[in-house]
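Work through the exercises below with the sequence and the coordinates open. Try each task before reading its solution.

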Amino acid sequence: MTEYNDKELFDLFLNTETRHYGFNLLVNKYKERLYWHIRRMVINHDDADDLLQNTFLKIWQGLERFRGESSLYTWFYRIATNECISFLNKQRTRFFLPLADVEKKLEHSLETDPWFDGNELQKKLQKAMLNLPEKQRLVFNLRYFEEMPYEEMSKVLQTSEGALKASYHHAVKKIEKYFESD
Amino acid sequence: MDEKNNILSKFESLKKNNPYKVPEDYFNTLLPRIQEKIEADKKRTGIAWVFSFNPVVKLSFLVVGIVFIAVISFKILKPFWSSNHNSNSSIDEIVLYLDNQVYSIDDFTLLSVFETNKDASNIKSSNQNDTINYLLNNDIGIEDIISEL
């Protein structure tokens, strides 16, 4: 099977005759990376599945207008990230939950999720991360688990590299504190 | 901001072992479900597509819609209006016609054209004014007279 780069996939998409083919290749290329990014934020598999599908729907709707100011990969991540943030915000407003309680809800989801198969240490790390503010948790996920360079992260989150480095540093300190206090 | 000498360096193994799992075959069945969602969204777009526009665009659509309805209504109702507005001119036309075109036809002959109407027999010997009144009361115009003659 021919391997296409992002530019070629984008060109396939722009051509109406090969649009579906190009889009399908993009889905297959990025589905797992985007899924895990979303899943780490929302914890629950069913929620992550919904958000991932919504992400690809928005990609389908908006890709024609993509101006190439960032890489496709960065743009996809940005859409997925916005979907996660909107979802978490809706959880707050729908159930009138204060900030801390959404994270408690996610923690509970971690305990009861049949699709979480980690040991106690992994569970503890996930709970420590859930105690981070949302944006900090995002930065931590992207840096620690996905090893995303700060330059790229800056385009995804539209924040300066300096701010991201500081955010990651604070996230690590908080996780350390969580483990020391527990 | 040393990223190496911190608690996370102890958890390097955690990075390699993903604690989150997915249902069997999840990623293989994902693409068809995304395609279904896209198709469903295309069908749903329709009217919703209009309502997704900004308020100025929506207002423009509304104005165009109102103008369209007004034009259609005018075209449908115009014949009813014109028959009322033209009632005076139709009287003049009938009088003119009767005076100038049908002077050789007397009232009885004219009214016998409409012999099925019971009122016709009552005014067969009447004068021109009665004839005109009869024609107006029964909404009989020039075209009707000409077509019968």
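The exercises run from overall confidence to single residues, and the model is a predicted one.

**Exercise 1. Confidence**

Task: State how confident the predictor is in chain A, in chain B and in the model as a whole.

Solution:
- Step 1. Start with chain A. Its mean pLDDT is 89, and 95% of its residues score at least 70.
- Step 2. Go element by element. In chain A, helix H3 (residues 45-62) has the highest mean pLDDT, 96. Helix H5 (residues 99-112) of chain A has the lowest, 76.
- Step 3. Turn to chain B. The average pLDDT is 69, and 42% of the residues reach at least 70.
- Step 4. Locate the extremes in chain B. H2(B) has the highest mean, 83. Helix H6 (residues 118-122) of chain B has the lowest, 50.
- Step 5. Add the global scores. The ipTM is 0.85 and the pTM is 0.65.

**Exercise 2. Fold content**

Task: Describe the secondary structure, burial and contact range of each chain.

Solution:
- Step 1. Count elements. Chain A has nine helices and zero strands. Chain B has eight helices and zero strands.
- Step 2. Check burial. In chain A, 30% of the 182 residues are buried. In chain B, 7% of the 149 residues are buried.
- Step 3. Check contact range. Take contacts in chain A between residues at least 6 apart in sequence: 58% of them join residues at least 24 apart. For chain B, with a separation of 6 or more, residues 24 or more positions apart make up 42% of the contacts.

**Exercise 3. Helix H2 of chain A**

Task: Find where H2(A) bends, and say what comes after this helix.

Solution:
- Step 1. Set the bounds. H2(A) spans residues 19-42.
- Step 2. Find the bend. A kink of about 50 degrees is centred on Tyr30(A).
- Step 3. Check burial at the kink. Tyr30(A) is among the buried residues of H2(A). Others include Phe23(A), Leu26(A), Leu34(A) and Ile38(A).
- Step 4. Recall helix geometry. An α-helix has 3.6 residues a turn, so residues three or four places apart point the same way.
- Step 5. Look past the end. Ile43(A) follows H2(A) and has a positive phi, near 70 degrees.

**Exercise 4. The nonpolar core**

Task: Explain why the largest nonpolar core lies between two domains of chain A.

Solution:
- Step 1. Size the core. It holds 44 residues. Ile38(A), Phe76(A) and Val139(A) have the most contacts inside it.
- Step 2. Find the main contributor. H2(A) supplies eight residues, the largest share.
- Step 3. Assign domains. Domain 1 (1-117) and domain 2 (119-182) of chain A both give residues to this core, so it lies between them.
- Step 4. Inspect one hub. Leaving out residues up to four places away in sequence, Val139(A) touches Met153(A), Leu164(A), Ser167(A), Tyr168(A) and Ala171(A).

**Exercise 5. The interface**

Task: Break down the side of chain B that touches chain A.

Solution:
- Step 1. Count both sides. The contact takes 26 residues from chain A and 19 residues from chain B.
- Step 2. Assign elements. Helix H1 (12-16) and helix H2 (26-51) of chain B each supply at least two residues of chain B's side. H2(B) gives the most, eight residues.
- Step 3. Sort by class. That side of chain B has 13 nonpolar, one polar and five charged residues.
- Step 4. Pick one cross-chain contact. Phe56(A) touches Val27(A) and Ile34(B), not counting residues up to four places away in sequence.

**Exercise 6. Single residues**

Task: Classify Phe56(A), Lys124(A), Gln158(A) and Asp25(B) as buried, partly exposed or exposed.

Solution:
- Step 1. Phe56(A) lies in helix H3 of chain A. It has 26 other C-beta atoms within 10 Å, so it is buried.
- Step 2. Lys124(A) lies in helix H6 (residues 120-130) of chain A. With 17 other C-beta atoms within 10 Å, Lys124(A) is partly exposed.
- Step 3. Gln158(A) is in the loop between helix H8 (150-157) and helix H9 (161-181) of chain A. Gln158(A) has 10 C-beta neighbours inside 10 Å, so it counts as exposed. Its phi is positive, about 50 degrees, although it is not a glycine.
- Step 4. Asp25(B) sits in the loop between H1 and H2 of chain B. Asp25(B) has 8 C-beta neighbours inside 10 Å, so it counts as exposed. Its phi is also positive, near 70 degrees.

Notes. Residues numbered from 1 in each chain as written. Chains lettered and ligands numbered in written order. Predicted model: local features only at pLDDT ≥ 70, side-chain atom pairs only at ≥ 80, totals over all residues. Bend = angle between axes of the 7 residues up to and from the residue. Helix = DSSP H or I, 4+ residues; strand = E, 2+ residues; numbered from the N terminus. Buried ≥ 20, exposed ≤ 12 C-beta atoms within 10 Å, placed from the backbone. Contact = placed C-beta atoms within 7 Å. Nonpolar A, V, L, I, M, F, W, Y, C, P; charged D, E, K, R; others polar. Core = buried A, V, L, I, M, F, W, Y, C linked by C-beta atoms within 7 Å. Domains from an automatic or database assignment. pLDDT = per-residue confidence, 0-100.
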